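Hi everyone, thanks for coming. I'd like to walk you through a structure that may be new to you, so let's put it on the screen.

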Amino acid sequence: MKIQGRMFIWLSVFILAMAIVYGLWSKEAAGTTALFMAFGLSVMIGYYLAFTARRVDAGAQDDKNADVADDAGELGFFAPHSWQPLSLAFGGALAFLSICFGWWLMFFSAPIIFVGLFGWVFEFYRGENQNQ
């Protein structure tokens, strides 16, 4: 994490320099403000990564002699199969079509979206995947 923190701090220095140059050269408020906000966000991320790196053990990315396999491990749990994204995609497609054809179509798409979202959140609470 130390390397990533340093990268974001150096990125924030670069963004700050570009924001000052852009602001003085163009005299345009929106782009200058966006660059200064990007500077602030980069400083926050860099500070967080540097702050956290002092409190956690060094990872494989901090060791110059580490292999890629040294950082391998469990990535998390992923559902083996699920039909819920299909229902959410169908409901979302109908919702976007309601902008085109009329808002009355939203009355049909909203229940499909809610059922798909409810099913996706609670799919491991019942059925064959209950104990996963």
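**A short tour of the model**

Let me start on the surface, where Asp63, Asp67, Asp70 and Asp71 make up a negative patch. Please keep in mind that we are looking at a predicted model. Take Asp67 from that patch: you will find Asp67 in the loop that joins helix H2, residues 29-53, to helix H3, residues 84-101. Is Asp67 buried or exposed? Asp67 has a relative accessibility of 56%, and the cut-off for exposed is over 50%, so Asp67 counts as exposed.

Now let's step back and look at the whole chain. What is it built from? The chain has four helices and zero strands. Reading from the N terminus, the order of elements is α-α-α-α. The radius of gyration of the chain is 24 Å, whereas the globule rule gives 14 Å for 132 residues; 24 Å is well over that, so the chain is more spread out than a compact globule. If you like to think in boxes, the C-alpha atoms fill one of roughly 50 × 50 × 20 Å along the principal axes. And how much of the chain is buried? Of the 132 residues, 19% are buried.

Next, a second patch. Leu11, Phe14, Met18, Val21 and Trp25 come together as a nonpolar patch on the surface, and their accessible area adds up to about 560 Å². One of them, Val21, sits in helix H1. With a relative accessibility of 42%, Val21 counts as partly exposed.

Moving on along the chain, we reach the loop between helix H1, residues 2-26, and H2, and this is where Lys27 is placed. Lys27 has a phi near 55°, which is a positive value in a residue that is not glycine. Lys27 is also exposed, because its relative accessibility is 69% and the cut-off is over 50%.

My last stop is Cys100, which belongs to helix H3. Cys100 has a relative accessible area of 64%, so Cys100 is exposed. How far is Cys100 from Ile45? The two are 55 residues apart along the chain, and 40 Å separates their C-alpha atoms.

To wrap up, please remember two pictures: a chain of four helices with zero strands, and two surface patches, a negative one that includes Asp67 and a nonpolar one that includes Val21. Thanks for listening!

Conventions. Residues numbered from 1 in each chain as written. Predicted model: local features only at pLDDT ≥ 70, side-chain atom pairs only at ≥ 80, totals over all residues. Heavy atoms only, no water. Patch = residues over 30% accessible without salt bridge, like charges linked within 9 Å, V, L, I, M, F, W, Y side chains within 5 Å. Areas by Shrake-Rupley, 256 points an atom, 1.4 Å probe, with all protein chains shown as cover. Salt bridge = Lys/Arg side-chain N within 4 Å of Asp/Glu carboxyl O. Lys, Arg positive; Asp, Glu negative; His and termini not counted. Charge placed at Lys NZ, Arg CZ, Asp CG, Glu CD. Buried < 20%, exposed > 50% of the residue type's maximum accessible area, 1.4 Å probe, protein only. Rg over C-alpha atoms; globule rule 2.2 N^0.38 Å.
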